[in-house]
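User: Could you give me a close look at one part of this model? I'd like to know how well covered it is and what it packs against.

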Amino acid sequence: KPCQFSCTSVMGNLPSPPEVTRHCACSTDIFQYFSGSQRNAVAVAPQGPAPDHVPRPENEIARFVDSWNSYIHPRAVEFLPENGRKGILNMIARSTSRGTDPILGDGTDACVHWHGDTKPEDGYDQPVVEFRKPGEDAVTTTFVSRVLVFFFATDESFELLMSYPKTPFARACGRVDCVLLCHVSMDPP
């Protein structure tokens with residue numbers, strides 16, 4: 001079934017590098033979709049267990065990291081050096097299963113389940129990544145949904161979502177363990 005969320009609305013109409021096929025078949029405008037009564041996004045416990053983690057082989061991790069890095073918004077390029085961005089993308093690739101793509105999707109409405117580090121927030125274990133901000137020695141822990149928006153969202157989506165509290169963004173699918181970019185809800189908390 002085609003994805004009912006619009007990755008292209010969140011990410012913009014970024015051109016695909018020649019070696020990357022854009023898998024998302026989204027067509028609905030995310031702002032229109034979430035402003036209506038079609039979906040009420042709330043954080044809920046996962047409906048049933050996530051599928052077992054199927055680790056990606058090293059060559060697939062490298063291929064995904066390079067592919068995703070080509071889509072990163074200039075604001076993230078200015079903020080983090082390439083090795084920092086690729087380090088975070090590497091954690092995302094390692095913490096999601098083979099056969100899934102949390103950035104570009106796979107053309108279906110299937111969630112991408114997180115199998116990495118989590119942090120309790122709002123009564124649920126929320127996906128997180130750790131990294132060092134430029135010029136700082138301390139490690140920062142941040143929610144994966146916020147990193148994905150910072151790295152890939154359009155300016156319009158980013159500005160709206162950054163006006164919300166510094167908590168994980170709700171997912172339109174309702175699963176707190178889902179890290180599919182186009183499942184990030186635009187609804188206010």
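Analyst: Quick bit of vocabulary before we start: helices here are DSSP runs of H or I with at least four residues, strands are runs of E with at least two, and both are numbered from the N terminus. On that count the chain has seven helices and three strands. Keep in mind that this is a predicted model. Reading from the N terminus, the order is α-α-α-α-α-β-β-β-α-α.

The part I'd zoom in on is helix 6, which covers residues 144–152. Across the chain's 189 residues, 49% count as buried. In helix 6, nine of the nine residues are buried, so this helix is largely enclosed by the rest of the structure. "Buried" here means under 20% relative accessible area. The buried set takes in Val 144, Val 147, Leu 148, Val 149 and the run Phe 150, Phe 151 and Phe 152, and it also includes Ser 145 and Arg 146.

So what is all that tucked into? As a rule, nonpolar side chains in soluble globular proteins tend to be buried together. In this model the largest nonpolar core holds 38 residues, and the members touching the most others are Trp 68, Ile 88, Leu 148, Phe 151 and Phe 152. Two or more residues each come from helix 3 (58–69), helix 5 (82–94), strand 2 (124–132), helix 6 and helix 7 (155–162). Helix 6 is the top contributor, with seven residues.

Phe 151 is a good one to click on. Setting aside neighbours within four places in sequence, Phe 151 contacts Tyr 71, Ile 72, His 73, Ala 76 and Leu 80, plus Arg 85, Ile 88 and Leu 89. In the chain as a whole, of the contacts between residues at least 6 apart in sequence, 67% join residues at least 24 apart.

Now for the helix neighbours. Helix 5 and helix 6 have axes 12 Å apart and pack at about 130°. That angle is neither over 145 nor within 65 to 115 degrees, so helix 5 and helix 6 count as oblique to each other. The crossing is left-handed. Helix 5 brings Arg 85, Ile 88, Leu 89 and Ile 92, while helix 6 answers with Val 147, Leu 148, Phe 151 and Phe 152. Sorted by type, that contact has seven nonpolar residues, no polar ones and one charged.

Helix 7 is the other partner to look at. The axes of helix 6 and helix 7 come within 9 Å and cross at roughly 145°, and this crossing is left-handed too. Here helix 6 uses Arg 146, Val 149 and Phe 150, which meet Phe 158, Leu 161 and Met 162 of helix 7. The tally is five nonpolar, no polar and one charged. For the geometry behind those residue sets, remember that an α-helix has 3.6 residues a turn, so residues three or four places apart point the same way.

One step further out, helix 5 also packs against helix 3. Their axes come within 9 Å and cross at roughly 125°, in a right-handed crossing. Helix 3's share of this contact includes Ile 61, Val 65 and Trp 68, and helix 5's includes Arg 85, Leu 89 and Ile 92. This contact divides into six nonpolar, two polar and six charged residues. Arg 85, Leu 89 and Ile 92 also appear in the contact with helix 6, so helix 3 and helix 6 both lean on these residues of helix 5.

Key. Residues numbered from 1 in each chain as written. Predicted model: local features only at pLDDT ≥ 70, side-chain atom pairs only at ≥ 80, totals over all residues. Heavy atoms only, no water. Core = buried A, V, L, I, M, F, W, Y, C linked by side-chain atoms within 4.5 Å. Buried < 20%, exposed > 50% of the residue type's maximum accessible area, 1.4 Å probe, protein only. Contact = heavy atoms within 4.5 Å. Axes fitted to C-alpha atoms, helices over the stretch in contact; angles between N-to-C directions. Left-handed = near helix turned anticlockwise from the far one by under 90°. Nonpolar A, V, L, I, M, F, W, Y, C, P; charged D, E, K, R; others polar. Parallel < 35°, antiparallel > 145°, perpendicular 65-115°, else oblique.
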